[in-house]
Number of protein chains: 2
Amino acid sequence: MSELKNDTFLRALLRQPVDYTPVWMMRQAGRYLPEYRATRARAGSFMDLCRNPELACEVTLQPLERFPLDAAILFSDILTVPDAMGLGLYFEEGEGPRFERPVQDEAAVAQLAIPDMEQELGYVMDAVRTIRRELGGRVPLIGFSGSPWTLATYMVEGGSTKNFAKSKGMMFERPELMHRILSVLADSVTAYLNAQIAAGAQAVMIFDTWGGTLSPHHYKEFSLAYMQRIVDGLTREAEGRQVPVVLFTKGGGQWLEMMAGTGADALGLDWTTDITDARRRVGDQVALQGNLDPCTLYASPEVIRRSVGRILEGYGKGTGHVFNLGHGIHPDIDPAHPAAMVEAVHELSRPYHVTD
Amino acid sequence: MSELKNDTFLRALLRQPVDYTPVWMMRQAGRYLPEYRATRARAGSFMDLCRNPELACEVTLQPLERFPLDAAILFSDILTVPDAMGLGLYFEEGEGPRFERPVQDEAAVAQLAIPDMEQELGYVMDAVRTIRRELGGRVPLIGFSGSPWTLATYMVEGGSTKNFAKSKGMMFERPELMHRILSVLADSVTAYLNAQIAAGAQAVMIFDTWGGTLSPHHYKEFSLAYMQRIVDGLTREAEGRQVPVVLFTKGGGQWLEMMAGTGADALGLDWTTDITDARRRVGDQVALQGNLDPCTLYASPEVIRRSVGRILEGYGKGTGHVFNLGHGIHPDIDPAHPAAMVEAVHELSRPYHVTD
């Protein structure tokens, strides 16, 4: 493997000194980039793009050509694991993801098993290896997975949902069935992230997109407990370096203490949490990643710069901050705007890292 | 006006002693009730139903015929105020609300004015008067409005939104325009709620459905500040009784201290906040209303009863709690399930109100 030329992102996640605050963006390889839309059109379906390591590598690297980002993130979908379990993932245009065979009864739950990582998910590991080769050590590569609870909602609902009627219905009425699903998922995600690390991922992130729809009591029992099991089972070192793990529960601002207690290295913050408060609450245990409202990128570069400055000031002096959006970049954003954000982070953050 | 026979709800909001925890449900007059669907079909469009005081009264009273609820809530829509401002509210089947004339530029903002409450919104006041007459003092009647920020998002977007691109875009890029909209709205909502109180509303609630999509900084400046102005301008006494005001920001669990600081009598809690924590944080300043996950009502009566018990136990002994869902009841809920909830609240709460 090529030597890592820019390890600012990894150092910040481990709360080691850095010269400036590193930055990347959730969904940085995506529809807001015309070059992404061109590759996507060439690939065929969205899943064809995910399943083609060369094209997945191409779109992973596109944002790095435009912006001096401090990390790359594997281009893939969070639903690859349930797909590999045999649920038949497909995408309806404008409808979001769907499963041909949702998991809604005891028989379907009994059939769930941990997929083979190199057989059923080999295309993901091939993408990781291809991206690492093509990155040539410019910046670290982030691997990722959806959280067990988040994956379970799609598996039980058969796709996206607004009300979580079936998934929460099962959680309330048949908690033992939901626990069985989550248990298989926790073991699958652990194996999946460890396979990504073995293939070359240098940090991993768990996206708990729907944990924030739970009550605190249910969050602890049905989402956090399974993320804890994953954190406990992860390979935390590879290629002679620590592999940091980031937990992100969208809407989880009230539960940062619980999340920090898992032993993760860093927490993702959405924009509804004040980063000064978050650092005061958990900053001695974990690094923080976030937390600009993605809608800020609808505004002008001047407004974006001021908003970036406010978050950097909110976090304050010293390491332990990775700048990011509070959620994925919206598809209708002008690429000149994230450019202004990245530039502002790099320029305005240096004074916060000068040691006295 | 008839004498109020059951004032448990009003007393709990004012943190005065009660015999049991009162209960009502957000969206209690709604699609989950077959009798509501029948009246709705007779009325014509959804707005025809809102604009017909006799039919609005009929649906307001329907849930009280089924369940021993401790309050009625005016049947209306949060978008009546922007509609009265001349924006042309209409509903597309399955699409949610739309405005014919969204407010997207300086000229449109300059035209906004406070509507006349008895002219343009007389149908709402007529509904309040009709309901009070038909209630005959059984339980108190709650009036309500959307918060300025929540109304502004619909007015600027021209309807519902997922990304808040236009409304947050204006907030970031043209904050003075957004402040002008919010200012007219705050004055309009104050007049609207005061007119409802004059017509007979015995408590009022401000629904800030979309305040929780803001960063803390923007929440304070663009949502809370205008709710503060409304609270300051409300008639707080009528018919010789205090008229309590309830603030509810969905997703606002991180900001309860700020919300309690407005001088509102009570805060609505969604289900992502632990009610024990909430009481510890702000329970000496305000009453708390909530906070069962509406999805709990998909489960069986036994599970519902246990979940109700957990929230009552979480709040603990003494007054200051009004039981409610953390958000509106879903339209596909079996009416036998809210019945179980109401029964459980009344039965299980009595021990928490016994004075030693």
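These questions and answers go through a predicted model with chains A and B.

Q: How many helices and strands does chain A have?
A: Chain A is built from both kinds of element. The count is 15 helices and eleven strands.

Q: Why can chain A be called as compact as a globular protein of its length?
A: For 356 residues the globule rule gives 21 Å. The radius of gyration of chain A is close to that value, so chain A is as compact as a globular protein of that length. Along its principal axes the C-alpha trace spans about 60 × 45 × 40 Å. The radius of gyration behind the answer is 19 Å.

Q: What share of the residues of chain A count as buried?
A: A residue is buried if 20 or more other C-beta atoms lie within 10 Å of its own. Chain A has 356 residues to sort in this way. The buried share is 57%.

Q: Among contacts in chain A between residues at least 6 apart in sequence, what percentage join residues at least 24 apart?
A: The contacts considered here already leave out pairs less than 6 apart in sequence. Of those that remain, the part joining residues at least 24 apart is 72%.

Q: Which rotation superposes chain A on chain B?
A: The superposition has an RMSD of 0.0 Å, and the shift along the axis is 0.0 Å. That is the relation of a two-fold axis. The rotation is 180°.

Q: Which residue of chain A comes closest to the rotation axis?
A: The distance is taken at the C-alpha, and the closest one lies 3.2 Å from the axis. That C-alpha belongs to A:Gln254.

Q: Which helix gives the most residues to the side of chain A that touches chain B?
A: The contact takes 26 residues from chain A and 26 residues from chain B. On the side of chain A, the residues divide into nine nonpolar, twelve polar and five charged. The helix that gives the most spans residues 165-173 and supplies five residues; it is α9 of chain A.

Q: Why can it be said that the copies meet through the same surface?
A: The test is whether interface residues of chain A are also interface residues in chain B. The overlap is complete, so the copies meet through the same surface; the value is 100%.

Q: How many residues of strand β4 of chain B are buried?
A: This strand covers residues 141-146. B:Leu141, B:Gly143 and B:Ser145 point one way, while B:Ile142, B:Phe144 and B:Gly146 point the other way, and all are buried. The strand is therefore mostly covered by the cut-off of 20 or more other C-beta atoms within 10 Å. The buried number is six of six.

Q: In β5(B), which residue is the bridge partner of B:Phe144?
A: Strand β4 of chain B has parallel pairings with β1(B), over two bridges, and with β5(B), over five bridges. In the pairing with β1(B), B:Ile142 is the partner of B:Ile73. In β5(B), the partner of B:Phe144 is B:Met205.

Q: Which elements of chain A do the buried residues of α7(A) pack against?
A: Helix α7 of chain A runs over residues 122-135 and reaches 20 Å from its first C-alpha to its last, close to the 20 Å expected. Its buried residues include A:Val124, A:Val128, A:Ile131 and A:Leu135. An α-helix has 3.6 residues a turn, so residues three or four places apart point the same way. The elements packed against are α4, β1, α5, β4 and α10.

Q: Which residue follows α7(A), and what is the sign of its phi?
A: The phi of this residue is near 55°. The sign is positive, and the residue is A:Gly136.

Q: Is A:Arg15 buried or exposed?
A: A:Arg15 has a positive phi of about 55° although it is not a glycine. Its place is the loop between α1 and α2 of chain A. With 20 other C-beta atoms within 10 Å, A:Arg15 is buried.

Q: How many C-beta neighbours does B:Arg27 have inside 10 Å?
A: B:Arg27 also has a positive phi, near 60°, and is found in the loop between α1 and α2 of chain B. It counts as partly exposed, and its number of neighbours is 17.

Q: What is the omega of the cis peptide bond from A:Gly290 to A:Asn291?
A: Most residues other than glycine have a negative phi, and most peptide bonds are trans. A:Asn291 is found in strand β10 of chain A. In chain B, a cis bond joins B:Gly290 and B:Asn291, with omega about -5°. For the bond in chain A, omega is near -10°.

Key
Residues are numbered from 1 along each chain as its sequence is written. Chains are lettered from A and ligands numbered from 1 in the order in which they are written. This is a predicted model: local features need pLDDT of at least 70, side-chain atom pairs count only at pLDDT 80 or more; totals for chains, interfaces and linings use all residues. Copies are superposed by least squares on the C-alpha atoms of residues with pLDDT of at least 70 in both. Two residues are in contact if their C-beta atoms, placed from the backbone, lie within 7 Å. A residue is buried if 20 or more other C-beta atoms lie within 10 Å of its own, exposed if 12 or fewer, and partly exposed in between; C-beta atoms are placed from the backbone. Helices (H or I, at least four residues) and strands (E, at least two) are DSSP runs, numbered from the N terminus. Two strands pair if DSSP finds at least two bridges between them. The expected span of a helix is 1.5 Å times one less than its number of residues. The radius of gyration is taken over C-alpha atoms; the globule rule is 2.2 Å times the number of residues to the power 0.38. Ala, Val, Leu, Ile, Met, Phe, Trp, Tyr, Cys and Pro count as nonpolar, Asp, Glu, Lys and Arg as charged, and the others, Gly among them, as polar.
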